[in-house]
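Work through the following exercises with the sequence and the coordinates open. Each task is followed by a solution in steps.

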Amino acid sequence: MAVQNGDRPVFRALALPHLDALLARAGLDEADRLRARAVAEVLPFRTNSYVVDELIDWQAAPEDPMYRLVFPQPDMLPRADVDRVARMLRDGASPDRLRTDVREIRLRLNPHPSGQRDLNAPLLDGEPVEGMQHKYAETLLFFPRQGQTCHAYCSYCFRWPQFVGEPDLRMASGDAAALTAYVRAHPEITGVLITGGDPLIMSSAVLARYVDPLLEIPHLESVRIGTKALSYWPHRFLTDPDADELLRLFERVVRSGRNLALMGHYSHPRELEPEAAVRALHRVQGTGAVVRCQAPLIRGVNDRAEDWAVLWRRLVAQGAVPYYMFVERDTGPQDYFAVPLARAYELFREAYAQVSGLARTVRGPIMSATPGKVQVDGVAEVGGRRSFVLHYVQARDPELVGRPFFASYDPDARWLTDLKPLPGDGPLPGLD
């Protein structure tokens, strides 16, 4: 259990110094523990006592889905890379040599997919603004400097460059005034998504310094907060010293006339089993905030239709809104975790068929690609050829939104750029 301070659970982080003992608890032998440790040199590892004690079934580890969700796997990265780092760890290579080799591996993992560092960079008075992304006209993403870590890291996370200690790979800003000024200067922005990392790792007072000034901007209609805290540390909303202050901040946003949405990242139905997780969800909803729920489809974690159907039903039963099933993004360990688009569509369809209309708010499978969010709508015969049917849910070019398009069927394709147009067609929309 989490460390107790009287009746109050106290957050206890578990990081690299704890990894070997936890891997041994999962039954890994010495060789596989070394290989998993090598993976954790390249990609970030962090979990906490709540996840370890309340969410993981250690009798089923290392195949347990919640274990796989947070722990490095010995074969998550290319074998040659894992072997090279493992040898350095075994042979006591110098820290400088290890850092150099690890950085070279990281840079091959497409640390900034979908052109997010270059194509989404905003300008204020002609100068680049750090820690923001403005991909779609209506929505600004903001990365508060104090929120660029998480209560636990998901092994698949496409934001892994935020956590590995490479300053030139990280996006962050501590400038609340620049955030407010940019939104004021862009009346097309109706929503701000505060993301990370996890903004709810911050104290409530720090989060309020970013949020409260936004509430004075007339054209702002919504504030979104991307978070895994509801499932990885529900005590953030229950018993943490500033939990009540956090909920008062949520109430201020709602009273201002804005929609407040917590974008809850629920990857598996087990995350809703602990009583604390349900109480946390209800406490957030009591402020008037809406909890919308999303996660990617991850091989070995939630690649069963039943998992998604149960998750969506449990969320609806607790008043939350199923929102997106994403496709694993083209970064980090995509080769290890990705499910082919054809299989992703079948899983989504099978799960969708098992839920009522209240859960059919969910959309998927969705690729958050360079030109926009692309949904796989199905497989059909087009001109006598088996084809994917797709459309843009959101796009840099608004003219693309909602228009169906087709791509040649490929059972192995995992991403938009793997797809080919139908013979005689031009390039796929957004990729010309």
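**Exercise 1.** Which backbone nitrogen lies 3.0 Å from a polar atom of the side chain of aspartate 64?

Solution. The model is predicted, so local features need pLDDT of at least 70 and side-chain atom pairs count only at pLDDT 80 or more, while totals for chains, interfaces and linings use all residues. Residues are numbered from 1 along each chain as its sequence is written, and side-chain values use heavy atoms, with hydrogens and water left out.

Step 1: locate aspartate 64 in the loop between α3 (49-55) and α4 (65-70). Helices (H or I, at least four residues) and strands (E, at least two) are DSSP runs, numbered from the N terminus.

Step 2: the nitrogen belongs to tyrosine 67. A polar contact is a pair of N or O atoms within 3.5 Å; within protein, one must be able to donate a hydrogen and the other to accept it, and residues adjacent in sequence count only if both atoms are side-chain atoms.

Step 3: list the contacts (heavy atoms within 4.5 Å). Leaving out residues up to four places away in sequence, aspartate 64 touches Leu55, Ile56, Asp57 and Arg270.

**Exercise 2.** Classify aspartate 64 and valine 102: why does each count as buried?

Solution. Step 1: take the cut-offs, with buried under 20% relative accessible area, exposed over 50% and partly exposed in between (1.4 Å probe, protein chains only).

Step 2: aspartate 64 counts as buried because its relative accessibility is 1%. Valine 102 counts as buried because its relative accessibility is 3%.

Step 3: place valine 102 in helix α6 (residues 95-107). Apart from residues up to four places away in sequence, valine 102 touches Glu41, Val42 and Val85.

**Exercise 3.** In what order do the 11 strands of the open sheet follow one another?

Solution. Step 1: the order is β7-β8-β9-β10-β11-β12-β13-β14-β15-β16-β17, with mixed pairing. Two strands pair if DSSP finds at least two bridges between them.

Step 2: β7 (132-136) and β17 (404-408) are the edge strands, each pairing on one side only. From one strand to the next the twist averages 30°.

Step 3: add helix α14 (residues 341-352), which packs on the sheet and touches β12, β13 (321-327), β14, β15 and β16. The direction of α14 makes about 150° with that of β14; axes are lines fitted to C-alpha atoms, for helices over the stretch in contact, and angles run from 0 to 180 degrees between N-to-C directions.

**Exercise 4.** Describe the surroundings of strand β11 (residues 259-265).

Solution. Step 1: five of the seven residues of β11 are buried.

Step 2: strand β10 (residues 222-227) pairs with β11 in the parallel sense over six bridges, and isoleucine 225 has leucine 262 as its bridge partner in β11.

Step 3: β11 also pairs in the parallel sense with strand β12 (residues 290-297), over five bridges. Here alanine 261 stands opposite valine 290.

**Exercise 5.** How many residues lie between β14 and β15 in their hairpin?

Solution. Step 1: there are three residues between them. Strands β14 (residues 363-368) and β15 (residues 372-382) run antiparallel and are joined by three bridges, with serine 368 opposite lysine 373.

Step 2: 10 bridges join β15 to strand β16 (residues 385-395), also antiparallel. Alanine 380 stands opposite serine 387. The hairpin of β15 and β16 has two residues between the strands, and glycine 383 takes a positive phi near 60° there.
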